[in-house]
Amino acid sequence: MAIRLACTVNNYHWGKTGLSSKAAQFAATNPEIAIDENKPYAELWMGTHPSGPSKVFGTETPLSAVIDEDASVALGESVSKQYGGKLPFLFKVLSIEKALSIQAHPDKQLAQKLHSERPDVYKDANHKPEMSIALTDFIALSGFRPLEQISEFLTTYPEFNALVPNSSSAFKQAALAGSDAEKRMALKGLFAELMNAHKDDVQVQLDALVQRVSGEKEAALVQRLSKEYPGDVGCFCVFMLNVLELKPGQAFYMGPNDPHAYIYGDCVECMATSDNVVRAGLTPKLRDVPVLIDMLTYDYGSPEHKLLQPQVEGKHKIYDPPIDEFTVKCTTVEKGEQAALDPIDGPQILLVAEGHGILAAGEDTLPLSPGFVYFVCPGIHCTITSQETSLVTFTAQCQ
C-alpha cells in the first residue's frame with residue numbers, strides 16, 4: 001500500500017520567499033495551500049512529528065493515526081518493535097535564504113536530561129542525528145576546522161583574536177604540539193571564550209572586520225552573515241567551523257553533539273524523529289550557550305571528512321549514515337525508462353523532486369509530479385516510470 005500525503009510547510013523567517021523556495025514549490029501541489037510571494041517558506045515536513053504532522057492527502061487523517069491503527073503493518077514487525085510503534089525518522093525539504101543558527105543536537109542521554117529538566121524548551125527525549133543532501137548549490141558550516149587553520153585565522157584576523165585574548169596563545173601552542181586530548185581541551189576553551197564574548201566587544205570587532213577586509217572567502221561570508229545578523233558572535237564561527245560548498249547531490253552527515261549551521265540553498269534533510277536543537281548564534285531564538293559548549297565532542301578535521309559519499313547501485317544513489325533510523329535513496333530515471341524500488345521490511349517516504357511519471361506500488365498506480373509525497377508500507381514492490389522528462393525521487397527508509 002502506498003498513501004499520498006499532504007505535508008506541513010512552515011514560514012520561519014530564514015526561508016526563501018514565495019515560489020523561489022523548493023519547500024513552497026513542493027507544498028503548492030496541495031490545492032489547499034496558497035503560496036504568498038511575500039512570505040518565507042522554510043521547511044516542508046514529511047512524517048509524524050507533532051510540530052508538523054503529515055496527513056493522508058485529501059483528508060484530515062494524520063499519518064500517525066494510520067500507523068497507530070496497526071504499526072506492525074505500517075512499519076513492519078521489526079521497526080515497530082524497535083521504535084515503540086512510531087515512525088523513526090522525519091523527512092524534510094529546507095529552503096534557506098538567511099542563515100539559521102549555530103547549533104548542535106544532543107545525543108540520547110543528554111536529550112533525556114534536557115527534556116526532563118526543561119520540557120518547555122526541549123520537547124522530546126530523543127536524539128537528532130541528521131543528514132542533508134543538496135538540491136541546489138548549498139553552503140553550510142559543519143564541524144571544527146583543522147586546528148592549524150584556526151591558528152592561522154587568529155593571526156590573519158586580529159578582530160577574531162581580540163575576542164579570545166585569554167585562550168588564543170594556549171590554543172596555538174596546543175594546536176602545534178599538543179596531544180589530541182590537549183588539542184580538544186584548547187579548542188573547547190577557545191570556542192567557549194568566543195561564544196561568551198561581551199556583545200559590545202563583538203559589535204566593535206565585527207564592525208572593524210567588515211570595514212577592513214574584502215575579497216577573501218571567509219571575510220565575504222562574515223560580511224554576508226553580519227548583514228543578516230548584525231553584531232552576532234556567530235559571524236566569527238566562520239573562522240572556527242568548516243565551510244562546506246555543496247553541489248546538487250552532495251551530502252553531509254551531522255552526528256549528535258556536532259556543531260553546524262546552514263547558510264544558503266535548498267536541501268533534502270532526514271533525521272531521527274526529534275526537534276531538539278541547542279543554539280548559540282545566528283538566531284533570534286533562545287541561546288543555550290553553556291549547554292552547547294559542554295555537549296560538543298570537539299572533533300576537528302578537513303571539510304572533506306564531513307561529506308557522506310553515496311553508494312551507487314544502478315539508477316540509485318544510496319546515502320547511508322552511521323545510524324539505524326534512516327537511509328535515503330535518490331533515484332534518477334531517464335525519459336521513458338523504469339526503476340524498481342525493491343520491497344523492504346520497514347516504512348518508506350518517497351518525495352518527487354523533478355519530473356513526471358507513474359508509481360506502481362503493489363496493485364496501485366499513482367501519479368508522480370514534483371512535490372508529490374507517498375508513504376509506502378513494508379513489503380511493497382514499487383516501480384517508477386518516467387514520462388516526459390527525467391524523473392528524480394528521494395526515498396527515506398528504515399528497515
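A cavity here is a set of grid points where a 1.4 Å probe fits but cannot get out. Keep that in mind as you look around this predicted model, where the count comes to one cavity of 30 Å³ or more.

**Stop 1: the cavity**

Start by selecting Leu-5, Cys-7, Phe-26, Thr-29 and Gly-371, the residues that lie nearest the centre of the largest cavity. The space between them holds about 80 Å³, and 14 residues line it in total. Now colour strand S1 and helix H1 (22-27), since each of these elements supplies at least two residues of the lining. Which element gives the largest share of this lining? It is S1, with three residues. If you colour the lining by class, you should find 10 nonpolar, three polar and one charged residues.

**Stop 2: Arg-4**

Stay with strand S1, which spans residues 2-6, and pick out Arg-4 within it. Is Arg-4 buried or exposed? Arg-4 is buried, yet it has no salt bridge. To check this, select Glu-32 as well: it is the nearest side chain of opposite charge, and it is 11 Å away. A salt bridge would need a side-chain nitrogen within 4 Å of a carboxyl oxygen. Next, show the residues that Arg-4 touches, leaving aside those up to four places away in sequence. They are Thr-29, Lys-55, Val-56, Phe-57, Phe-372, Val-373 and Tyr-374. You have already met Thr-29, one of the residues nearest the centre of the cavity.

**Stop 3: the largest pocket**

Move on to Gln-103, Asp-275, Val-277, Arg-279 and Lys-285, which lie nearest the centre of the largest pocket. This pocket has about 500 Å³ of space and a lining of 31 residues. Highlight strands S5 (43-46), S7 (89-96), S8 (100-104) and S13 (260-272), the elements that give two or more residues to that lining. How does the lining divide by class? It has 14 nonpolar, seven polar and 10 charged residues.

**Stop 4: the second largest pocket**

For the last stop, select Ile-318, Thr-327, Lys-329, Gln-397 and Gln-399, which lie nearest the centre of the second largest pocket. Its volume is about 270 Å³, and 15 residues form its lining. Strands S16 (316-319), S17 (327-333) and S18 (338-341) each supply at least two of them. Colouring by class here gives six nonpolar, four polar and five charged residues.

Note on methods. Residues numbered from 1 in each chain as written. Predicted model: local features only at pLDDT ≥ 70, side-chain atom pairs only at ≥ 80, totals over all residues. Heavy atoms only, no water. Helix = DSSP H or I, 4+ residues; strand = E, 2+ residues; numbered from the N terminus. Buried < 20%, exposed > 50% of the residue type's maximum accessible area, 1.4 Å probe, protein only. Lys, Arg positive; Asp, Glu negative; His and termini not counted. Contact = heavy atoms within 4.5 Å. 1 Å grid on protein atoms, 1.4 Å probe; cavity = no way out; pocket = protein on both sides within 12 Å on 5 of 7 lines; lining within 4 Å. Points joined across faces, edges and corners; volume = space filled by probe spheres on them. Nonpolar A, V, L, I, M, F, W, Y, C, P; charged D, E, K, R; others polar.
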